[in-house]
Every structure is written in structure tokens, then in C-alpha cells.
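Me: Could you take a close look at one part of this structure for me, and walk me through how its pieces fit together? I work at the bench, so plain language with residue names would be ideal.

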Amino acid sequence: MRRRRRRPVDLRVSVGAVQLPNPVLCASGTAGYGTELSGVADLAAPGAVVVKSLSAEPWPGNPAPRVDATPAGMINSVGLQGPGVAAWATEQLPALHAAGVRVVASIWGRSVEEYRRAAELLAPHRAGIVALEVNLSCPNLDAGEHLFARSPTSTAAALEASAVAGLPLWAKLSLVAPDIVAVAAAAREAGAAAVTLINTVPGMVIDIAERRPVLGAGAGGVSGPAIRPQAVRAVWECHAAFGDLPIVGVGGVARGVDAVEMLMAGACAVQVGTATFASPRAPQRVCAELADWCRRRGVSSVGDLTGAAHRAGPQETS
């Protein structure tokens, strides 16, 4: 008997108005500013690459050491080191275009005016950028003093300032907020086309031999599998509150089944971050595993997975 050929899985997704060929993206801060990983990975293969967060002006970042391994991921305190928007747009963006990369830019600021200025500098280059992720929640700057995502009011102000870029805005939020659903609501009202959930979680590692923090800045942001359940819950809660608000899930996605879980919680796309440090091809592998999972279970379109866990009936108890 001839086996029936299974149809290929439709991996296309939309994050608001942004259409992508697949739902697996490179997370900000993990693939550099440009084509640094092009020698070991096809940067055009992921749905998009979110570049490392940029400020309006060059920024030196935090003192070394900046990165350390943890039992279920890593902790970092890079401190948003970067060349500034203008230098990036001139020196890095053309190479990304030449490589066929779908680019999501990322900006940060220490004030609402700094967000506005960074967005203004990006505006002339928006034709080559599919979306702008507004980093409102990096824990590695001035001990978190400038965490806009702590407050619905400051979140809205930074997003409204960033609108001058003329790009779809993705608000990157964090669990440092007392109520992440309230912050997501404020982001939505301020014009966010999507929210990215979640940023790294504040933490610290002590060198017990030296009796001091391992990282040069002291504290840092924890990422990797250790925070995935927290990310899944944030995605779940925001999707339950706003079923029409696109969510990009990030936090510990290292396997195809991790992506499935994030999508079922309510995400329409996911980002791979920490896993890329171990394997630059991790986003491609995760996407291939996701497609295989769908094929084996008769899921014809990956978009059907978004919010699937919310549509399931109540669990039966024995």
C-alpha cells in the first residue's frame, strides 16, 4: 500500500500587520547588531532577527565580567552596550539587507526623550525594518532605575514617543511589573501593535571563593529554561485578557516543544535567545522541530496553535 504523503505545514504567521514566513525569531541581544553570525548560521532562515537594543547615542555598557552560566540558563549584565542608532543604520543595516534578513530593530532609552530621539534616527531607514521592538524592561542599567515597564504610565509615554519611527511597535515587557497585564493594557492603548513577553528576570550569582558577585555590575538578568514557566504564564495571562493583542513569546525556548507550549499559551510567534549562545543555528532547529511536531499530529497551519490551550475543555479528574 502506498503511503499518503502528508502536506507540508504552513508556517506563515502574522504579528499584527507584520507577516513572517515562520514564527521563530532570534531574540534581541543574542544575534548581535548585524551579520556577526552569518558564518555559522543562515540569518535569513528565522522569521526575523531582532537586533541588539540600540540607544540614540553610543553606549559603553557595564564592566566585565558580563556573562555567566547558571544551572538552567545564564545570567548577563552586558548593560546595553551599543554603537548608537546612526552608526548601526550606516554600518550594519545594509549588510543585513544584503543577507536577506527580516530586521526588527530594538531601541532603549533612559528617558522618554531618549526613546523619541532613537526612534527619530530610525525613521529614515524604516523601509528596511519590519517592526520596532521597544525595550522597556532591561534590568541591567543603573540597577533597574530606568525600567519603564514597571509602570503603565511610563510604558505608555515611552511607546508614544517611539511612534515617530513610523513602524509597528512591539513593547518588550518584564515581570518586574507588579501587574504585567495592566502594563500590557497600557501598551496596547498607547499604540503597541504587539507585546514581547518576557525580558530576563533580575538575579545574582555570588563567587563564594572571592566572596563577591560574579558579574562586574553585581546583579544581572537571568534567561534560559529556568524562566520559561514564568514566560508561559505571562503569555497566558495577557492572551486571556486581550485575545486580539498579538504576543511574541520569549524565555527559555530551546526546543520545538517549547515553541508549541508558548504558542498554545497565546503567542503568535516566539523568540529564541539563550539557546543561540550554545548553537547559533538553534532558531532553525527549533523551527524544524516545530514543523515536525505539527506534521506528526496533523496540524496543517502553525497559526492554529495560538491560544489552543485556552480553547481546551476542562480537565477531567478521577
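Reply: Happy to. Let's begin with a unit that is easy to trace by eye: strand 9, helix 5 (residues 180-189) and strand 10 form a β-α-β unit, and this unit is right-handed. Please keep in mind that this is a predicted model.

Look at the two strands of that unit. Strand 9 (residues 169-173) and strand 10 run parallel and are joined by four bridges. To find the pairing on screen, pick leucine 173, whose bridge partner in strand 10 is leucine 197. Strand 10 itself spans residues 194-197 and is covered on both faces. On one side Ala194 and Thr196 are buried, and on the other side Val195 and Leu197 are buried as well.

From strand 10 you can step across to the next neighbour. Strand 10 also pairs with strand 15, again in the parallel sense, over three bridges. Leucine 197 is a handy marker here too, as leucine 197 stands opposite glycine 249 in strand 15.

Now carry on from strand 15. Strand 15 (residues 247-250) runs parallel to strand 16, and three bridges join the two. Glycine 249 helps once more: its place is opposite valine 270 in strand 16. Between these two strands the chain passes through helix 7 (residues 256-265), and this β-α-β crossover is right-handed.

Strand 16 deserves a moment of its own. Strand 16 covers residues 269-272, and both of its faces are covered. Ala269 and Gln271 are buried on one side, while Val270 and Val272 are buried on the other. Strand 16 also has strand 3 (residues 24-26) as a partner, running parallel and joined by three bridges. In that pairing, leucine 25 sits opposite glutamine 271. So much for the strands; next comes the empty space.

What lines the largest pocket? Its lining has 32 residues, and those nearest its centre are Ser28, Gly29, Asn76, Asn199 and Thr200. The space in this pocket comes to about 500 Å³. Strand 6 (73-76) and helix 8 (274-278) each give at least two residues to the lining. Helix 8 makes the largest contribution, with three residues. By class, the lining holds 13 nonpolar, 17 polar and two charged residues.

There are enclosed spaces as well: two cavities of 30 Å³ or more are counted. The second largest cavity holds about 50 Å³ of space. Among the residues lining that cavity are Cys26, Leu37, Ala41, Asp42 and Leu43, along with Thr276 and Gln284. Three prolines, Pro46, Pro280 and Pro283, are part of the lining too. Sorted by class, this lining has seven nonpolar, two polar and one charged residues.

One last residue is worth selecting, away from the strands. Threonine 155 lies in helix 4 (residues 152-162). Is threonine 155 buried or exposed? Threonine 155 counts as buried because its relative accessibility is 0%, and buried means under 20%. Its side chain reaches the backbone oxygen of phenylalanine 148, at 3.1 Å.

If you want to retrace the route on screen, start at leucine 173 and go to its partner leucine 197, step over to glycine 249, and from there to valine 270 in strand 16. Then use glutamine 271 to cross to leucine 25.

Definitions and conventions
Residues are numbered from 1 along each chain as its sequence is written. This is a predicted model: local features need pLDDT of at least 70, side-chain atom pairs count only at pLDDT 80 or more; totals for chains, interfaces and linings use all residues. Side-chain values use heavy atoms; hydrogens and water are left out. On a 1 Å grid over the protein atoms alone, a cavity is a set of points where a 1.4 Å probe fits but cannot get out, and a pocket is an open set with protein on both sides within 12 Å along at least five of seven lines; lining residues have an atom within 4 Å of a point. Grid points are joined across faces, edges and corners, and a volume is the space filled by probe spheres set on the points. Ala, Val, Leu, Ile, Met, Phe, Trp, Tyr, Cys and Pro count as nonpolar, Asp, Glu, Lys and Arg as charged, and the others, Gly among them, as polar. Buried means under 20% relative accessible area, exposed over 50%, partly exposed in between (1.4 Å probe, protein chains only). Two strands pair if DSSP finds at least two bridges between them. A crossover is right-handed if, with the strands pointing away from the viewer, the path from the first strand over the helix to the second runs clockwise. A polar contact is a pair of N or O atoms within 3.5 Å; within protein, one must be able to donate a hydrogen and the other to accept it, and residues adjacent in sequence count only if both atoms are side-chain atoms.
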